[in-house]
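User: I am new to this structure and would be grateful for a close look at a single part of it. Please describe the chosen part and its surroundings in one connected account.

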Amino acid sequence: MPKMRELTSVDADYATIGPNQTTLRQPIAVPAATLFNCLANGPAWKEWLGIDVEWTSPEPHGVGTTRTVTTTGVTIEEFFLTWDEGERMAFRFDRTTLPMQAFAEHYECTPRGDGACELEWSYAFEGSGPLGSVFAKVFGAVFGLQNKRAVKKLAKLLEADPQRFA
């Protein structure tokens with residue numbers, strides 16, 4: 001198993017101003033609170049993003065909550081920086097097996113009327129080590145493509161059964 005690395009501690013703003021920053025937007029025909037509830041549901045992440053989420057802090061979740069994310073060959077320990085129930089959440093990576101220096105994500109669930117909302121997903125990261133810039137380019141391209149597909153999959157998941165996370 002790859003070695004866990006400690007990352008630089010960043011704040012919630014890093015997701016929108018850090019290096020290699022990306023913001024994705026996806027309209028979803030469910031209320032913002034329903035989208036947020038899905039994002040707060042650990043097992044749901046497997047369905048739309050293909051990752052396993054284990055909450056390592058007890059409920060209720062909020063600022064300071066931790067969780068561990070795993071996917072093929074990768075482990076990530078996350079720390080929540082923002083948690084505004086029904087509206088937004090942000091977290092940073094504290095430790096990971098990926099060659100990164102820093103990483104943060106921010107999810108905003110904005111009502112759009114008629115019971116619909118928009119997801120705004122922002123993230124930024126910096127690679128580490130002698131190949132950090134190469135890793136950042138490759139990771140950024142793969143992660144970006146995966147996430148563009150994932151937000152569409154998330155919308156379909158929620159719109160197929162709007163009451164599941166209501």
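Analyst: In what follows, contact means heavy atoms within 4.5 Å. The model is a predicted one, and the account concerns strand β5, its paired strands and the charged side chains, with one residue of another strand as a starting point.

That starting point is Glu118, which is found in strand β8, a run covering residues 116-127. Leaving aside neighbours within four places in sequence, Glu118 is in contact with Arg25, Gln26, Pro27, Leu35, Glu108, Cys109, Thr110 and Arg112. With Arg112, the side chain of Glu118 also makes a polar contact, side chain to side chain, at 3.0 Å. Glu118 counts as buried because its relative accessibility is 17%, and buried means under 20%.

Glu108, listed among the contacts of Glu118, leads to strand β5. A network of salt bridges links Glu108 with Asp84, Glu87 and Arg88. Strand β5 covers residues 74-84, and 8 of its 11 residues are buried, so that the strand is mostly covered.

On one side, β5 pairs with β4. These two strands run antiparallel and are joined by 6 bridges. Within this pairing, Thr66 stands opposite Phe79 in β5. The hairpin of β4 and β5 has 2 residues between the strands, and Gly73 in this hairpin takes a positive phi near 70 degrees.

A further pairing is that of β5 with β6, where 8 bridges join the two antiparallel strands. Phe79, the residue opposite Thr66, also stands opposite Arg92 in β6. Here the hairpin has 3 residues between its strands, and Gly86 in the turn has a positive phi of about 80 degrees.

Charged side chains add further links. Side chains of opposite charge can pair when their charged atoms come close. A search of the whole structure finds 11 salt bridges. One of them joins the side chains of Glu78 and Arg67, with N to O at 2.4 Å. This pair links distant parts of the chain: Glu78 belongs to strand β5, Arg67 to strand β4 (residues 66-71), and the two are 11 residues apart. Both partners count as buried: Glu78 has a relative accessible area of 4%, and Arg67 stands at 1% relative accessibility.

Strand β6 takes part in a salt bridge as well. The side chain of Arg95 meets that of Glu6 at 3.1 Å, N to O. Arg95 lies in strand β6 (residues 88-96) and Glu6 in strand β1 (residues 5-6), so this salt bridge ties together parts that are 89 residues apart in sequence. Arg95 is partly exposed, with a relative accessible area of 25%, whereas Glu6 is exposed at 59%; the reason for the two labels is that exposed means over 50% and partly exposed lies between that value and 20%.

Lys46 and Asp52 form another salt bridge, in which the closest N and O atoms are 3.5 Å apart. Lys46 counts as partly exposed at 44% relative accessibility, and Asp52 counts as partly exposed at 37%.

To draw the account together, β5 is mostly covered and runs antiparallel to β4 and to β6. Glu78 in β5 is tied by a salt bridge to Arg67, while Asp84 is part of the network that includes Glu108, a residue in contact with Glu118.

Definitions and conventions. Residues numbered from 1 in each chain as written. Heavy atoms only, no water. Helix = DSSP H or I, 4+ residues; strand = E, 2+ residues; numbered from the N terminus. Buried < 20%, exposed > 50% of the residue type's maximum accessible area, 1.4 Å probe, protein only. Polar contact = N/O pair within 3.5 Å; in protein donor to acceptor, adjacent residues only side chain to side chain. Salt bridge = Lys/Arg side-chain N within 4 Å of Asp/Glu carboxyl O. Pairing = 2+ DSSP bridges.
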